[in-house]
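Please examine the structure shown here with attention to its charged side chains. The account that follows is meant for a reader meeting it for the first time.

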Amino acid sequence: MINNTSEKKRFYGWTIVVSLWIIYFLNVGFPMYGGQTVNTFMADEMGFKRTILGLAFSLFNLFQGLPGPIIGYTIQKKGARFSIALGSILILVSAIMMGYVVKSQWLFLLTFGVIAGVGVGFGTVVPVQTTVTQWFDRKRSRAMAITLTASGFGGFVAAPLLTKVLSGTGKWNNCWLVVAAAALIALLIDLIMVKNKPADIGQIPDGTSFSEEKETKSNKKAVSYIPYSTKDEWTVKEALKNSKCWLTLLAAIGLYIPYMMLISHGIACLGDHGISAATAAFSISLITATSIAGRLLGGELCNRMPARFVWAGSLVVLLLGSVFLMTATGVVGMVLYAVCTGIGFGASFVCMPVVFSSYFGAKIYSRLFGTLFPIITICSSISPTLAGYLFDASGSYTSGFIMIIAFNVIGIVASLLNTPPQKQ
């Protein structure tokens, strides 16, 4: 029961957002983006082939999503706080092993590809998004957008920091100690600060009291737009039988298949168009920066109009990124490609959890998204490889662009058709 004294407490939800932002920043930025830097030097020193280096990152990406159903079940039974703690511990263990135990390519693949990948899966996307959905309802899109900017900032900070550690000490082992320390900090913040849901400390979503919530409902006519949030109690089985769940998944696939090709082959494609390597490489930094802006923009727009329209518009912007990459012949084209790709992905990245949670409820979000996460992960992992195969077979990226534009259009149509579901 929520008493009068609890109504006077400062809403803890924004403290949760700050805590989750730091955890997400640490548990994604250092093992994922930092690992890309350290593993290159580590593989060269140990004589690993580039195939092994590439396979390690493929496994890392796959094992973030493949355990999705287990992650969702764990969150439902033990809470997101437990999942984040488990993920942080796995990242910590894998970092220590990478620095001081790994000597063979098979242990390299197991430690980074599997253990670290599973750790990031348990310690980031699903539990972080689940916690935000539990703490926020009407303000969910804004809170989600702020939280999800953390991974973008992680890409900016972790790789340069670990590069500096490597150049300063001359030992890549020390870089993995930094990754381990980051995971330890994330673990401590999780255990001390994170609460699974508002009811755990006598609060309610958005921090409004029951009387304030009733007043808000009675004044709906005075509010320009109130974001949709289902009032039905859905089960995972019921959601999976509903066509709107699969339209949402199609929209997600229409996001990740194009995006993964654009970032994995963008530099090579720009190089084919005669753009210098340094200029082409800058496009990745620009994509990261504009994706942060895109997440914030997407969160605000979802407070002003239906999230499905924001998502469809974001996918249109992403499609423009493909067009500009196809036709880029100079710096202007490169910038347009990077800005559209970053904003399109960033805004869509926020829309996805907002639509899933608002359509089917915060209660089943972890298990529902966890069930579908492996499909998204597999599709996004296959995309770069398939695009590379099509290039090798034809000598150009034309077939690859046709493929991702087709998926992009499917995602746009799915988003536009994805009206709120009606429970049977």
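The paragraphs below describe salt bridges and the exposure of the residues that form them.

The model is predicted. It holds five salt bridges, and three of these pairs are taken up here in turn, among them the one between K197 and D200.

In the pair K197 and D200, the side chains meet with a nitrogen-to-oxygen distance of 3.4 Å. K197 has a relative accessible area of 38%, and D200 has a relative accessibility of 42%. Because partly exposed covers the range between under 20% and over 50%, K197 counts as partly exposed, and D200 likewise counts as partly exposed.

A further salt bridge joins E233 and K363, whose closest N and O atoms are 3.9 Å apart. This pair links distant parts of the chain, 130 residues apart. E233 sits in the loop between α10 (210–218) and α11 (236–241), while K363 sits in the loop between α15 (331–360) and α16 (365–394). Both E233 and K363 are exposed.

Helix α11 itself takes part in a salt bridge through E238. The side chain of E238 meets that of K423 at 3.3 Å, N to O. K423 lies in the segment after α17 (398–417) and E238 in helix α11, so the contact ties together parts that are 185 residues apart in sequence. K423 is partly exposed, at 32% relative accessibility, and E238 is partly exposed, at 32% relative accessibility.

Methods: Residues numbered from 1 in each chain as written. Predicted model: local features only at pLDDT ≥ 70, side-chain atom pairs only at ≥ 80, totals over all residues. Heavy atoms only, no water. Salt bridge = Lys/Arg side-chain N within 4 Å of Asp/Glu carboxyl O. Buried < 20%, exposed > 50% of the residue type's maximum accessible area, 1.4 Å probe, protein only. Helix = DSSP H or I, 4+ residues; strand = E, 2+ residues; numbered from the N terminus.
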